[in-house]
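User: Could you take me through one part of this structure slowly? I would like to look closely at a sheet and at what packs on it.

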Amino acid sequence: MGQKVNPISNRLGVIRGWDSNWYGGKKYGDNLLEDSKLRKYLEVRLAKSSVSRIVIERTLKLITITICTSRPGLIIGKGGADVDKLKKELMKITDKDVQINIFEVKRPELDAQIVAANIARQIEGKIAYRRAVKMAVQSTMRSGAEGIKVQVSGRLNGAEMARSEMFKEGRTPLHTLRADIDYALVEAHTKVGVIGVKVWICRGEVYGKRELAPVFNNSGKETRGNNDRAPRGNRFRKPKNNR
């Protein structure tokens, strides 16, 4: 089943938490639709800001949106002006008050979403797909990943017939639930059609109990907008040596 199920959903409740955290009750459907609209808007609005993850938390009258990005300066703007503008735009979608937190991703080379987006943008910029993928693989392995797997599918190099190519390095054990595997699928829109880029990154194994609640920490570096309280930390456990 590890080959057929999304690696992130396969590990939900085991070593990974949910990206939407709230109790819907009778308004479950409305909240789910609202979450979808907020995510779609942010994905288009912040397309060039290297966003890896959007976490939404709800209370009765407040929606807290945490945006994980490797380029927080682009979202915050001068003196937080861009965050204030973004907050007003999001408040038009929902009737609740919105609070935005910006969390900086320290090592973007280990984030599957950012790596896949970079490869897709290079393919759109007419860079050879093999070169783009191999550079991304080398960069990820240098950053300390245990393994990476990249699959590109479509009319590669403008070929008449679509095909898939896979590049692997290291280990990516999809069946091992304690293995921290990040996964992303991004589409590159080229003149010859859509090319899909899938990325799996193994960041080691998690031993013991991991905190599943969405907690974030910028290790003292504060990058947040319109909130009084700094986000807390996401704790990663280092794998033990079982020799």
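Analyst: Happy to help; here is a walk through the sheet, strand by strand, and then its helices. Keep in mind that this is a predicted model, where local features need pLDDT of at least 70, side-chain atom pairs count only at pLDDT 80 or more, and totals for chains, interfaces and linings use all residues. Residues are numbered from 1 along each chain as its sequence is written, and side-chain values use heavy atoms, leaving out hydrogens and water.

Helices (H or I, at least four residues) and strands (E, at least two) are DSSP runs, numbered from the N terminus. The sheet is open and has four strands, ordered S6-S5-S8-S7 with antiparallel pairing; two strands pair if DSSP finds at least two bridges between them. At the edges are strand S6 (163-170) and strand S7 (179-190), each pairing on one side only. From one strand to the next, the twist averages 10 degrees. Axes here are lines fitted to C-alpha atoms, for helices over the stretch in contact, and angles run from 0 to 180 degrees between N-to-C directions.

Now look at strand S5 (residues 147-154), which pairs with S6 in the antiparallel sense over eight bridges. Ile148 is opposite Glu169 in S6.

Next come the helices, where contact means heavy atoms within 4.5 Å. H5 lies across S5, S7 and strand S8 (193-205), and runs at about 20 degrees to S7. H6 also packs on the sheet, touching S5, S6 and S8, with its direction at about 20 degrees to that of S6.
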